[in-house]
Amino acid sequence: MNLYEIDERLAACVTQPDGQVVDVETGEIIDTAALDALQMERSTKIENLGCWIKNELAYAEALKAEKQALEARQAAATRKAEQLKQYLSEFLNGEKFKTPRVAISWRKSTGVSVGDWHLIPDDLLRYKDPEPDKSAIKSAIQLGRAVPGCALAEKNNIQIK
């Protein structure tokens, strides 16, 4: 079901039976010559393509929302399992348990507990590689500051509403 009416000729152009005009996974148009060859009024073609883009963006947004909902459910289930594991750990207090459906055992491990990391020698610390702060660089250049190796680049970005 489409949110917007799309001319059937345009839709048929990108959904060829051989499946080579549009990449099904990404929605990327592989053969724009087929679109160019369509005999349609220019404004109608532009309107239909714009509506198609809006439809695909709405679909992508719906998928994103569903992904976020599933991630939230996954995180909740993981937290619940960790809480139950902690409860069971305190309840069993190191005792083994085994039935045909579950086996609970214990293994020893060694971890490092860091108190005050300022006392740790430099050769035992990791530092994150620096990365440019593009918004700060943009602001500095707009204020007239020369930033070596950087320049503002003007772009044209399509807006479809």
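Let's start with Cys51: it has a relative accessibility of 16%, and because buried means under 20%, Cys51 counts as buried. Now compare Cys150, which sits at 34% relative accessibility and so counts as partly exposed. How many disulfides does the structure hold? Zero. If that word is new to you, a disulfide is a covalent bond between the sulfur atoms of two cysteines. Keep in mind as you look around that this is a predicted model.

Cys51 has some buried company. In helix 3, the buried residues are Lys45, Asn48, Gly50, Cys51, Trp52, Asn55 and Leu92. Try picking them out on the helix. Here's a handy rule while you do that: an α-helix has 3.6 residues a turn, so residues three or four places apart point the same way.

Helix 3 itself is worth tracing from end to end. It runs over residues 42-92, which makes 51 residues. From its first C-alpha to its last, helix 3 reaches 74 Å, close to the 75 Å expected at 1.5 Å a residue.

Next, slide along to Tyr87, which also lies in helix 3. Is Tyr87 buried or exposed? With a relative accessible area of 55%, Tyr87 is exposed, because the cut-off for exposed is over 50%. Tyr87 teams up with Leu88 and Phe91 to make a nonpolar surface patch of about 360 Å².

What follows helix 3? That's Asn93, and its phi is positive, near 50 degrees. Asn93 has this positive phi although it is not a glycine. You'll find Asn93 in the loop between helix 3 and strand 1 (97-98). Asn93 is exposed too, with a relative accessible area of 68%.

Now zoom out to the whole chain. Its secondary structure comes to four helices and two strands. Reading along the sequence, you meet them in the pattern α-α-α-β-β-α. Of the chain's 161 residues, 12% count as buried.

Finally, how confident is the predictor? The chain averages a pLDDT of 81, and 73% of the residues score at least 70. Where is confidence lowest, and where is it highest? The low point is helix 1 (residues 8-14), with a mean of 57. The high point is helix 4 (residues 134-142), at 94.

Technical notes:
Residues are numbered from 1 along each chain as its sequence is written. This is a predicted model: local features need pLDDT of at least 70, side-chain atom pairs count only at pLDDT 80 or more; totals for chains, interfaces and linings use all residues. Side-chain values use heavy atoms; hydrogens and water are left out. The expected span of a helix is 1.5 Å times one less than its number of residues. Buried means under 20% relative accessible area, exposed over 50%, partly exposed in between (1.4 Å probe, protein chains only). Patches are made of residues with over 30% relative accessible area and no salt bridge: like charges are joined within 9 Å, nonpolar side chains (Val, Leu, Ile, Met, Phe, Trp, Tyr) within 5 Å. Accessible areas come from the Shrake-Rupley method with a 1.4 Å probe; for residues, only the protein chains shown count as cover. A salt bridge is a side-chain nitrogen of Lys or Arg within 4 Å of a carboxyl oxygen of Asp or Glu. A disulfide is a pair of cysteine sulfur atoms within 2.5 Å. pLDDT is the predictor's confidence in each residue, from 0 to 100.
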